[in-house]
Amino acid sequence: MNITATHLKKSFTINKKIKILFSDLSFSVTFDHVLALLGQSGGGKTTLLRILAGLEIPKHGSVMVDGESISFDPHSLYYYRQKIGVVFQQQNLFPHLTALENVMLPLTVVQRMKHSIAKKKAEEMLEQLQLTAHQHQKPHQLSGGQGQRVAIARALITRPQFLLFDEPTSSLDPEMKSEVLELIAQLRTFRIPMVLVTHEIEFARKCADQVLFLAEGKIIDQGSTKHFFTHPKTEELRRFLESTRAFNHS
Amino acid sequence: MTILKDFLLKELRKNRTLLCIGFLLTLVIASMACTLVFQTSMRISFLKWNLVWHYRTVFWHGWLETFFISVMALMLSCFFGTAIATIQRSSIKLLRFAMLLVIEIIRGTPLLTQILFFFYVVAHGIGLQNRLITGIFILSFFSSVYIAELIRASIEVIPKTQWESAKAIGLTTFQTYWYVIIPQALRPLLPSLAGQLASLIKDSSLLSIIGISELTLAAQQVNATTYCTLESFFPLALGYLILTLPISLGSRLLERKLKV
């Protein structure tokens, strides 16, 4: 999979002050399975992911996914979003629906699939992710990790072109974190490319093929995971890796 | 005094037994007051239920009229309320502002004033002669503004992440409302909506001022003919309770059913 961004510009207005996130962001990255977006908080990782998810519209610039340009008019974005899967930081399941109904919703409503077929597909998906025991539970009855796994099932059920994860474990306890991270690692078997914003450096190291390192709205470094962690090109990246390592070990 | 009040309130919140005792005490006092009223009226003259029974059809027709007005106004006000709430969420600023103005005018004036104004000024102006239809519309408009505010508030409490999630899985705005927002908004909305609908029924009594022969006017007429105050107004209260109690009971049942 290839993602190419050219001259991306994005700014936000917070309390009547304009905050520029990217002034001119360009990159091109090719990967087989997993691309990890790393960097300090506020560096623009999540915004970049949200642009890829069709949830934010850049002020200028273009993004191409596998040679196809994302059209940022609302109507095209609506169809574009149907082709991809997103897993958010908080699990974001619909609280009035059971786990099974949550997973079925994209099939029955967006793809207009017959209820019985959608149910069968959703049950199969939940079984694959070892969630059958929880399929009739509502989100508040699930643990954080289980909820996030159901959210992953909901994103996967439509067989998306690619999957986006926005810090999927940052609101979880350590034990639940490993449960979700293990699942994400297993998703390789689905052969769906994934873009992952994460603070779990060790996980990115084990799981990702390519890494993009963002700071202050710029790509500081990018490369294959192996090279990226062993030979940090910039001083900034070296400091970042050291600080996270120290943090992870403490 | 305020210290004592604060203390009592705090204690009440803390202690449910105190709350129960308070409730029982109120009940005892209320029943004593009722007995007193009954005894006094018994002493003056024996209750003339038979005289009022004679006018049962007047009550019955009045009650039917109230029932009809309430049902029509309930449906219309829910419809107008949803429409107003939708306009309030529209992206056109001018439309939102105009709606806000209407809301403030209706909320800032008493219902009685609105009834008089709309009946004698607006309805006469546009040549609408039917009192009943005018009454139903006035009541619906008044109530719909409050219902719109309830709808707006119950939609606003739904976290932004739910909208985002719905958008991300590819739902349209309509689908988002239908499958995600409305089912979640209903639970906080129902109790307050039931309260609003019950007060709409009670407010319909004010329509007697423009001569709509609903329950209150019927009771007033019976009282004027028979001079039996208690016997005339007791069925009046009962008639309204028959309409309002099922609403609050029904809402409680639905609320339990919709519990997350």
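Here are some notes on chain A, the empty spaces in the structure and a few single residues.

1. Before anything else, keep in mind that this is a predicted model. Everything below is computed from that model, so to speak, as it stands on the page.

2. Overall build of chain A. DSSP gives chain A nine helices and ten strands. A compact globule of 250 residues would have a radius of gyration near 18 Å, and chain A comes out at 18 Å, so the two agree. The C-alpha trace of chain A covers about 55 × 45 × 40 Å along its principal axes.

3. Packing of chain A. Of the 250 residues in chain A, 52% are buried. If you take the contacts in chain A between residues at least 6 apart in sequence, 67% of them link residues at least 24 apart. On the outside, chain A exposes about 11,900 Å², with carbon and sulfur atoms supplying 50% of that area.

4. Cavities, and the largest one to begin with. Four cavities of 30 Å³ or more turn up in the structure, and the largest has a volume of about 70 Å³. Both chains take part in its lining: V86(A), V87(A), F88(A), Q91(A), N92(A), A151(A), R154(A) and A155(A) from chain A, with S165(B), A168(B) and I169(B) from chain B. At least two lining residues each come from strand 6 (85-87) and helix 5 (144-156) of chain A and from helix 8 (160-168) of chain B. Helix 5 of chain A is the top contributor to this lining, with three residues. Sorted by class, the lining of the largest cavity has seven nonpolar, three polar and one charged residues.

5. The second largest cavity. This one has a volume of about 60 Å³. Chain A lines it with R81(A), Q82(A), I84(A), G85(A), P106(A), R154(A), A155(A) and T158(A), while A168(B) and I169(B) come in from chain B. Helix 2 (74-82) and helix 5 of chain A are the elements that give two or more residues here. The class split for the second largest cavity is five nonpolar, three polar and two charged. Looking at the two lists together, R154(A), A155(A), A168(B) and I169(B) appear in the lining of the largest cavity and again in that of the second largest.

6. The largest pocket. It holds about 570 Å³ of space. Its lining counts 21 residues, and the closest to the centre are W163(B), E164(B), K167(B), T173(B) and T176(B). Helix 2 of chain A supplies at least two lining residues, as do helix 7 (131-156), helix 8 and helix 9 (173-203) of chain B. Helix 8 of chain B gives the most, with five residues. By class, the lining of this pocket has ten nonpolar, five polar and six charged residues.

7. The second largest pocket. Here the space is about 400 Å³. There are 17 lining residues, with T82(B), I151(B), I155(B), Y177(B) and I182(B) closest to the centre. Helix 4 (56-88), helix 7 and helix 9 of chain B are the elements that give two or more residues to this lining. Helix 9 of chain B gives the most, with seven residues. The lining of the second largest pocket divides into twelve nonpolar, four polar and one charged.

8. A buried serine in chain B. S232(B) sits in helix 11 (residues 229-257) of chain B. Its relative accessibility is 0%, so S232(B) counts as buried. Setting aside neighbours within four places in sequence, S232(B) contacts V52(B), F59(B), A219(B), V222(B), N223(B) and T226(B).

9. Two backbone spots to look at in chain A. Most residues other than glycine have a negative phi. Q130(A) is not a glycine, yet has a positive phi of about 50 degrees. Q130(A) lies in the loop between helix 4 (115-128) and helix 5 of chain A, and at 60% relative accessibility Q130(A) counts as exposed. E216(A), also a residue other than glycine, has a positive phi near 50 degrees. E216(A) is placed in the loop between strand 9 (210-215) and strand 10 (218-224) of chain A. With 67% relative accessibility, E216(A) counts as exposed.

Notes. Residues are numbered from 1 along each chain as its sequence is written. Chains are lettered from A and ligands numbered from 1 in the order in which they are written. This is a predicted model: local features need pLDDT of at least 70, side-chain atom pairs count only at pLDDT 80 or more; totals for chains, interfaces and linings use all residues. Side-chain values use heavy atoms; hydrogens and water are left out. On a 1 Å grid over the protein atoms alone, a cavity is a set of points where a 1.4 Å probe fits but cannot get out, and a pocket is an open set with protein on both sides within 12 Å along at least five of seven lines; lining residues have an atom within 4 Å of a point. Grid points are joined across faces, edges and corners, and a volume is the space filled by probe spheres set on the points. Helices (H or I, at least four residues) and strands (E, at least two) are DSSP runs, numbered from the N terminus. Ala, Val, Leu, Ile, Met, Phe, Trp, Tyr, Cys and Pro count as nonpolar, Asp, Glu, Lys and Arg as charged, and the others, Gly among them, as polar. The radius of gyration is taken over C-alpha atoms; the globule rule is 2.2 Å times the number of residues to the power 0.38. Buried means under 20% relative accessible area, exposed over 50%, partly exposed in between (1.4 Å probe, protein chains only). Contact means heavy atoms within 4.5 Å. Accessible areas come from the Shrake-Rupley method with a 1.4 Å probe; for residues, only the protein chains shown count as cover.
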